[in-house]
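I am new to this structure and would like to go through it slowly, one question at a time. Could you look at it with me and explain how each answer is reached?

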Amino acid sequence: MSVAPKAISSRDNPLLVRLRKLVADPGGYRKAGVLWIEGEHLCEAFVAKGGVPAQAILTEAGWQRPGLRTLAECASAVALLPPALMAGLSTLESPAPLGFVVDWPGSPAPDPQAPSVVLDRLQDAGNVGAILRSAAAFGFAQVLALKGTAALWSPKVLRAGMGAHFGLRLVEGLEPGALGSLQLPLLATSSHGATAIDATRLPWPCAWVFGHEGQGVSDEVRGHCALELGIPQPGGEESLNVAAAAAVCLYESGRQRRGRPSTG
């Protein structure tokens, strides 16, 4: 059934006031219980995973585009805005013509047996989103964020995740002690790891741990890890960006699962 759009012309509209407050606070979704996702790609990814938006908001020009109109009509309600009001909601340099208000799924209890990624106090939203994207790509089902990690559902992390959020179990605000409940081995990387990741038979399922961009994995979290591995870097660099290191580790787990022999 086609949804009749409602035109909004005032920046003082209660819906817009609430959304501007939500967008301004990276962790505001926890109190509001809803998320703001913007851009055609993220909205498509949400719908593709079976999501039903509570509210679609798009520009008047966007409503004239059949593809965007079809996406908007997946929502329970549709609002049309002039470009200036849409820009007030956007976290992008060039505001997208479409955004969704969706229910925040909350932070469930960890699944003790799910292949996981553990984030230990990662601060950079771009790194966090990129790691979520790698986790989804390489077959990890759950991301566990320890206290001090950037808000997983913040607009910047959502943007960097490129839709990965909607296929992962995301758990936030955990204390390090919660890792003791996982029924699978935890693996960490270190520039001083004596054993190379590609020379080790990696367990599956497992949980990879990635730590703070400057301080790395804390001693407390490291105490939960069964293996500490190094990533060979023949180019001579001391370390990798945490998102790059995560992509290497998660790929290697996936490669070994497929049973392909190492090359070289």
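The questions below deal with the sheet, one of its strands, two single residues, and the empty spaces.

Me: Before we begin, what kind of model is this?
Reply: Some care is needed with local details, since side-chain atom pairs count only at pLDDT 80 or more. Local features, for their part, need pLDDT of at least 70. The model is predicted.

Me: In what order do the 5 strands of the open sheet lie?
Reply: The pairing within this open sheet is mixed. Its edge strands are β1 (6-7) and β2, each of which pairs on one side only. Read across the sheet, the order is β1-β4-β3-β5-β2.

Me: Which strand runs antiparallel to β3, and which runs parallel to it?
Reply: Strand β3 covers residues 55-59, and 4 bridges join it to β4 (residues 78-81) in a parallel arrangement, where T59 stands opposite L81 and A56 has V78 as its bridge partner. Another 4 bridges join β3 to residues 98-103, which run antiparallel to it, and on that side A56 stands opposite F100. The parallel strand is therefore β4 and the antiparallel one β5.

Me: Which residues of β3 point one way, and which point the other way?
Reply: Strand β3 is mostly covered, with 5 of its 5 residues buried. Both of its faces share in this, as the residues pointing either way are all buried. On one side are A56 and L58, and on the other are Q55, I57 and T59.

Me: Is D120 buried or exposed?
Reply: D120 is found in strand β6 (residues 116-120), and its relative accessible area is 2%. Leaving aside neighbours within four places in sequence, D120 is in contact with several residues, including L146, T149, F210 and H212. Because an area under 20% is what the term requires, D120 counts as buried.

Me: Which backbone nitrogen does the side chain of D120 reach?
Reply: The side chain of D120 makes a polar contact with the side chain of R121, at 2.8 Å. The same side chain also reaches a backbone nitrogen at 2.9 Å, and the residue that carries this nitrogen is among the contacts of D120, as are G216, V217 and V221. That residue is S218.

Me: The backbone oxygen of which residue lies 2.6 Å from a polar atom of the side chain of R20?
Reply: R20 is found in helix α1, and its C-alpha atom is separated by 9.7 Å from that of W36, 16 residues apart along the chain. Not counting residues up to four places away in sequence, R20 touches R11, G88 and L89. The backbone oxygen in question belongs to R11.

Me: Which strand gives the most to the lining of the largest cavity?
Reply: A search of the whole structure finds 2 cavities of 30 Å³ or more, and about 60 Å³ of space lies in the largest. By class, its lining has 10 nonpolar, 1 polar and 1 charged residues, among them V34, L35 and W36. At least two lining residues each come from α1 (14-24), β2 (34-38) and α8 (155-161), but the most, 3 residues, come from β2.

Me: About how much space lies in the second largest cavity?
Reply: The lining of this second cavity includes I37, E38, L42, T91 and R159, and β2 and α8 each supply at least two of its residues. By class, the lining has 5 nonpolar, 1 polar and 2 charged residues. The space in the second largest cavity is about 40 Å³.

Me: From which helix comes the largest share of the lining of the second largest pocket?
Reply: The second largest pocket has a volume of about 240 Å³, and its lining divides into 6 nonpolar, 2 polar and 4 charged residues. Among the residues that line it are R18, K21, K31 and Q55. Two helices, α1 and α2 (29-32), each supply at least two residues, and the largest share, 5 residues, comes from α1.

Notes. Residues are numbered from 1 along each chain as its sequence is written. Side-chain values use heavy atoms; hydrogens and water are left out. On a 1 Å grid over the protein atoms alone, a cavity is a set of points where a 1.4 Å probe fits but cannot get out, and a pocket is an open set with protein on both sides within 12 Å along at least five of seven lines; lining residues have an atom within 4 Å of a point. Grid points are joined across faces, edges and corners, and a volume is the space filled by probe spheres set on the points. Ala, Val, Leu, Ile, Met, Phe, Trp, Tyr, Cys and Pro count as nonpolar, Asp, Glu, Lys and Arg as charged, and the others, Gly among them, as polar. Buried means under 20% relative accessible area, exposed over 50%, partly exposed in between (1.4 Å probe, protein chains only). Two strands pair if DSSP finds at least two bridges between them. A polar contact is a pair of N or O atoms within 3.5 Å; within protein, one must be able to donate a hydrogen and the other to accept it, and residues adjacent in sequence count only if both atoms are side-chain atoms. Contact means heavy atoms within 4.5 Å.
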